[in-house]
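Colleague: I should be grateful for a guided reading of the model shown here. Might we proceed by question and answer?

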Amino acid sequence: MCHSQISIERLEHLEQEHDACRAKLDALESALQIRADTRMVARELCFGIWSLLKAHINEEARLLASCQNPLSAKELTQLASDHEEELKELAVATWQLSENSSDLERARPTIARATVILRHHMAEQEFKLFPALSWVLSI
Ligand SMILES: [Fe+2]
């Protein structure tokens, strides 16, 4: 298997991780709509998304670094590092949900921000970054 083929498979894996993030975000949003106290469920989901995203960011950075690309490296690097913003929000949400004295309501705004920006950044990467990487990798 050639280097380019391996890189294309890594790019496809990044896309699958975005789908996995979306599925977990859907589960998190559903859990938040239930009237019962879902604090522990929400905490596990936030931590699960945070863990997935942390590994995903590293994989995106590795793939981007492996592309000695003729494209605007600065813009692509920015797109690849956008996930750091939601990673911080998810860490805060997980911490807020772990506090003994806290309740779900305290974490809702943080979770809402993390959800919105993660969905936005995944869509933006799929529209700009991934096609650019795919193009570079196929050269
Ligand atoms: Fe991503």
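Modeller: The answers below move from the chain as a whole to its helices, its cores and two individual residues.
This is a predicted model, in which local features need pLDDT of at least 70, side-chain atom pairs count only at pLDDT 80 or more, and totals for chains, interfaces and linings use all residues. Residues are numbered from 1 along each chain as its sequence is written.

Colleague: Which element of the protein chain has the highest mean pLDDT?

Modeller: pLDDT is the predictor's confidence in each residue, from 0 to 100. The protein chain averages 86, and 88% of the residues score at least 70. Among the elements, helix 3 (residues 73–81) has the lowest mean, 76, while the highest, 93, belongs to helix 4.

Colleague: How many helices and strands does the protein chain have?

Modeller: Helices (H or I, at least four residues) and strands (E, at least two) are DSSP runs, numbered from the N terminus. Along the sequence the pattern reads α-α-α-α-α. The count is therefore 5 helices and 0 strands.

Colleague: How are helix 2 and helix 4 directed relative to each other?

Modeller: Axes are lines fitted to C-alpha atoms, for helices over the stretch in contact, and angles run from 0 to 180 degrees between N-to-C directions. The axes of helix 2 and helix 4 come within 9 Å and cross at roughly 150 degrees. Angles under 35 degrees count as roughly parallel, over 145 as roughly antiparallel, 65 to 115 as roughly perpendicular and the rest as oblique. Helix 2 and helix 4 are therefore roughly antiparallel.

Colleague: At what angle do the axes of helix 4 and helix 5 cross?

Modeller: Residues of helix 4, including H83, L90 and A93, meet residues of helix 5, among them R106, A107 and I111; contact requires C-beta atoms, placed from the backbone, within 7 Å. The axes of helix 4 and helix 5 come within 9 Å, and their crossing angle is roughly 155 degrees.

Colleague: Which helix gives the most to the largest nonpolar core?

Modeller: A nonpolar core is a set of buried Ala, Val, Leu, Ile, Met, Phe, Trp, Tyr and Cys residues joined through C-beta atoms within 7 Å. The largest has 17 residues, and those with the most contacts inside it are A42, C46, I49, L90, A93 and I111. Helix 1 (3–33), helix 2 (39–66), helix 4 (83–98) and helix 5 (104–137) each supply at least two residues of this core. The most, 6 residues, come from helix 2.

Colleague: Which residues does A93 touch?

Modeller: A93 is one of the residues with the most contacts inside the largest core. Leaving aside residues up to four places away in sequence, its partners are C46, A107, T110, I111 and A114.

Colleague: Is Q96 buried or exposed?

Modeller: A residue is buried if 20 or more other C-beta atoms lie within 10 Å of its own, exposed if 12 or fewer, and partly exposed in between, with C-beta atoms placed from the backbone. Q96 is found in helix 4. Because 22 other C-beta atoms lie within 10 Å, Q96 is buried.

Colleague: How far apart in space are W135 and I8, C-alpha to C-alpha?

Modeller: W135 is found in helix 5 and counts as partly exposed, with 13 C-beta neighbours inside 10 Å. W135 and I8 are 127 residues apart in sequence, and their C-alpha separation is 9.8 Å.

Notes:
Contact = placed C-beta atoms within 7 Å.
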